[in-house]
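Biologist: Please take a close look at one spot in this model for me, and then follow the backbone and the charged side chains outward from there. I'd like one connected account that I can read beside the structure.

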Amino acid sequence: QAIYERFRRDNEEVKGRYVLFQRPDPESFDLDISKDEDKKKLQEWWDANPRLRTMKRIPEEVDLEVLWVRLQDKSVTEASEEFREKWSGLADDYPVTEEEIQARWTKHLPVYEALAIAEAAVRRKQLEEAQKAEDKAAQEEGREPVNLLEGDQPEPYDLVKERIRQELVIGKILQQAWIQAHDQDAAMEGLAQKYNLKHAVVKELDQMKLQTHPDFGTPRASQLIFGGLSRKDLEVGKVARYVTETTDTFMENIFDEPGSFLAVYRVVDHRQPRDPELSDVIGWALEQWRKEQADKGLEKLAEDFRAAVDEKISTLIADKKAELEAERDRKVAEKIEKDGLSREKEEDKLQIQSIESIENRDLERQLNEEKAKHEAAVFAEVAKERGLEVRDTGWITESAGGFPQFPEGLDPAEMHRRIWRHRGHLSKLAALEPGRMGPADVDQAAGLALVTVLDEKREPTPEDMYRSPNQVTPIKGQLNPRPAP
């Protein structure tokens, strides 16, 4: 018997009808924030929803003025061409020794080996193209072609040695710019022109934005700036100093990211984490307002339909309601008289209220029974009046429900199938009594709402259980667990 009761509970089937509402397009709700009245409305909504400020809390930020040279994303040949154009005239003023080049190569071997591999590939491709040209020329001239692919290839160090020398020269130029900016407060824009460096003022950089900046960002750079501000080693208006005790690993004072970029940073402004003002996020706030209006609009569609059904039923049972209310009043008066109570006596008021409460509950029960006689039919009538399609759920098993997703653009037919594979919607339908209409079932995550009527319930028979051994076996295991060894 216990096995059947569990099987019956898990396999009860229900069948109903429903009308479906979908969320209105958020873009259909709009405010013209160029108008004072609409902007005031948005501001009032913003002020009434502090959660929005939490969602868009602005992290610690800096505005930076930066001098930099980016070397990454350039081949050795491209970097050499840029060096000749911009800094070859300054190279003699910033000599680099063989020891410095070898030390940088050794300390940052993975970086420069990767550059060497890329350069070897470029040179190999160039040789292969030259070989094709040589083969063609030899054929035209009737001679044996020279094999350009033979012979020793340069060692990785030799492929990037000149690139490392140029990088060190540029670093020393930037070191000179750093001294003038840091010690002499020289204008960085003028230094950029003087030394052919890139220059920019970049605003609203938080730690992640600085880490991922495409021209001069890394986690180390973020730590240099934000860590320095936190430790009070750095302040607004000052040039950041990169301190290192291993000058053969990183260049002093400037920010040095070997093989990638070199930079000098000045902090223009620094702001602690803060809640945003509406003006800081007005575009995002307007988008959130539209979404909220669409959510409210979806809920209103379902609630309005249900209210229309209730209103029509109230009209249908108005006479019966008046009759039942008169009967309630008669019973209350009769009970008061029988118990010898008086509404004029203060000590009788609580007892009279108790009598009224009991009779009111009975009235509600009777009215509910009257509503139940009409609910399913009126549900269909109101749907027809409003041009809404009433769909049949078909027989569905409550326990078969899961939690399907409703991605945007889902095929309508598939959407309707998923609705009744969703445990939440199924359980609300199954909780009704046959002939009754459920509350508005709003699923904001899916952007839809339902109003349902349960038509029938069907319980499985013992014969159904015996025809379903795959379901019975797990139930037996749950009810009769094996003893522990």
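Modeller: Glu204 is partly exposed, with a relative accessibility of 48%; buried means under 20% relative accessible area, exposed over 50%, and partly exposed in between (1.4 Å probe, protein chains only). Glu204 sits in strand 3, residues 198–205, where strands (E, at least two residues) and helices (H or I, at least four) are DSSP runs numbered from the N terminus. What draws the eye to Glu204 is its backbone: phi is positive, about 60°, although the residue is not a glycine.

A word on the ground rules before we move on. This is a predicted model, so local features need pLDDT of at least 70 and side-chain atom pairs count only at pLDDT 80 or more, while totals for chains, interfaces and linings use all residues. Residues are numbered from 1 along each chain as its sequence is written, and side-chain values use heavy atoms, with hydrogens and water left out.

Asp73 also has a positive phi without being a glycine, here of about 75°. Asp73 belongs to the loop between strand 2 and helix 4. Asp73 counts as exposed because its relative accessible area is 67%.

Now for the charged pairs. There are 51 salt bridges by the rule used here, namely a side-chain nitrogen of Lys or Arg within 4 Å of a carboxyl oxygen of Asp or Glu. One of them joins Arg271 to Asp63, with 2.9 Å between the closest N and O atoms. This pair ties together distant parts of the chain, since Arg271 is in strand 5 (residues 261–271), Asp63 is in strand 2, and their positions lie 208 residues apart in sequence. Both partners, Arg271 and Asp63, are buried. They also belong to a network of salt bridges that links Glu61, Asp63, Asp269, Arg271 and Arg274.

A second pair to look up is Arg104 with Glu167, whose side chains form a salt bridge at 2.8 Å from N to O. Again the link spans distant parts of the chain: Arg104 comes from helix 5 (residues 98–107) and Glu167 from helix 7 (residues 156–183), 63 residues apart. Arg104 counts as buried because its relative accessible area is 3%. Glu167 is buried too, at 1%.

The third pair is Asp185 and Arg266, whose side chains meet in a salt bridge at 3.3 Å, N to O. Here Asp185 sits in the loop between helix 7 and helix 8 (188–195), Arg266 sits in strand 5, and the two distant parts of the chain that they link are 81 residues apart. In accessibility this pair is mixed: Asp185 is exposed at 57%, whereas Arg266 is buried at 8%.

Not every acidic side chain has such a partner. Asp348, in the loop between helix 12 (318–338) and helix 13 (349–385), is buried yet makes no salt bridge. The nearest side chain of opposite charge belongs to Lys345, 4.7 Å away; for this purpose Lys and Arg count as positive, Asp and Glu as negative, and His and the chain ends are left out. What the side chain of Asp348 does reach, at 2.9 Å, is the backbone nitrogen of Ser342. Beyond its neighbours within four places in sequence, Asp348 is in contact (heavy atoms within 4.5 Å) with Gly340, Leu341 and Ser342.

Glu347 is found in the loop between helix 12 and helix 13. Glu347 counts as exposed because its relative accessible area is 60%. If you want a sense of distance, Glu347 and Leu429 are 82 residues apart in sequence and 47 Å apart in space, C-alpha to C-alpha.

Pro24 gives another such pairing to try: Pro24 and Gly447 are 423 residues apart in sequence, with 8.6 Å from C-alpha to C-alpha. Pro24 lies in the loop between strand 1 (13–22) and helix 2 (36–47), and it is partly exposed, with a relative accessible area of 22%. Setting aside neighbours within four places in sequence, the contacts of Pro24 are Phe29, Ala294, Gly297, Leu298 and Leu301.

Note on methods: Polar contact = N/O pair within 3.5 Å; in protein donor to acceptor, adjacent residues only side chain to side chain.
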